[in-house]
Amino acid sequence: YALIIFMIGLSASVNIYSEYNLQTTRRAFYQQEIDASAYIQSRTQPEEPIYVFGYRPSIFILSDRDPPANAPVLGNFNIQVKGPYENITIKILQEQQIRYIVHETMTKPEDAPVLFDYIQKNYEAETTIGRFVIYRLK
């Protein structure tokens, strides 16, 4: 019986710890999006588009800012941005003079290396909020 009571106690404590940890992590994860969006909103005009390097459409919604017109969707870099679409995106960033880029660092530079290189050369990292690096046009 002691073994059964021990196993039940162990299971209960692991479940309680896991639920607490999951709730804390989830809250922090989404708070970073809220904070990055608020930062962008405070530094841009309402009609000013921003670019998000990575798949995080919530940044557009939370910041109340639109993506650049005609920019390729960033749902999956390997299909929609990598390769020829990187140059199309760069041209759009240049033509529309996009001042702010939000990089969700879960998206790796090698997912769109030409585009990431362009960002590194033409934008300056202004701040980092959790997993987001916010770049400003030099």
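The questions and answers below walk through a predicted model, from its sheet to its helix and its cores.

Visitor: In what order do the four strands of the open sheet lie?
Guide: The model contains an open sheet of four strands whose pairing is mixed, and the twist from one strand to the next averages 25°. Read across the sheet, the order is β1-β2-β4-β3.

Visitor: Which strands are the edge strands?
Guide: An edge strand here is one that pairs on one side only. In the order β1-β2-β4-β3, the strands that fit this description are β1 and β3.

Visitor: Which residue in β2 is the bridge partner of Phe53?
Guide: β1, which spans residues 51-53, runs parallel to β2 and is joined to β2 by three bridges. For Phe53, the bridge partner in β2 is His103.

Visitor: Which residue in the turn between β3 and β4 has a positive phi?
Guide: Strand β3, residues 123-129, and strand β4, residues 132-137, pair in the antiparallel sense over six bridges, with Thr127 standing opposite Ile134 in β4. The two strands form a hairpin with two residues between them. In that turn, the residue with a positive phi, about 60°, is Gly130.

Visitor: Within what arc do the buried residues of α5 fall?
Guide: The helix α5 covers residues 113-122, and Leu115, Phe116, Tyr118 and Ile119 are buried in α5. In general, an α-helix has 3.6 residues a turn, so residues three or four places apart point the same way. Seen down the axis of α5, the buried residues line one face of the helix, because they fall within an arc of 155°.

Visitor: What angle does the direction of α5 make with that of β3?
Guide: The buried residues of α5 pack against β1, α4, β2, β3 and β4. The helix α5 thus belongs with the sheet, on which it packs while touching β1, β2, β3 and β4. Between the direction of α5 and that of β3, the angle is about 95°.

Visitor: Which element gives the largest share of the largest nonpolar core?
Guide: This core has 14 residues, of which Phe53, Leu93, Ile101, Leu115 and Tyr123 touch the most other members. The elements that give two or more residues to this core are β1, α4, α5 and β4. The largest share, four residues, comes from α5.

Visitor: How many residues does the second core have?
Guide: This second core is separate from the largest one, and Ile40, Val52, Ile59 and Tyr100 are included among its members. The number of residues in this second core is 12.

Technical notes: Residues numbered from 1 in each chain as written. Predicted model: local features only at pLDDT ≥ 70, side-chain atom pairs only at ≥ 80, totals over all residues. Heavy atoms only, no water. Pairing = 2+ DSSP bridges. Core = buried A, V, L, I, M, F, W, Y, C linked by side-chain atoms within 4.5 Å. Buried < 20%, exposed > 50% of the residue type's maximum accessible area, 1.4 Å probe, protein only. Arc of directions from axis to C-beta. Contact = heavy atoms within 4.5 Å. Axes fitted to C-alpha atoms, helices over the stretch in contact; angles between N-to-C directions.
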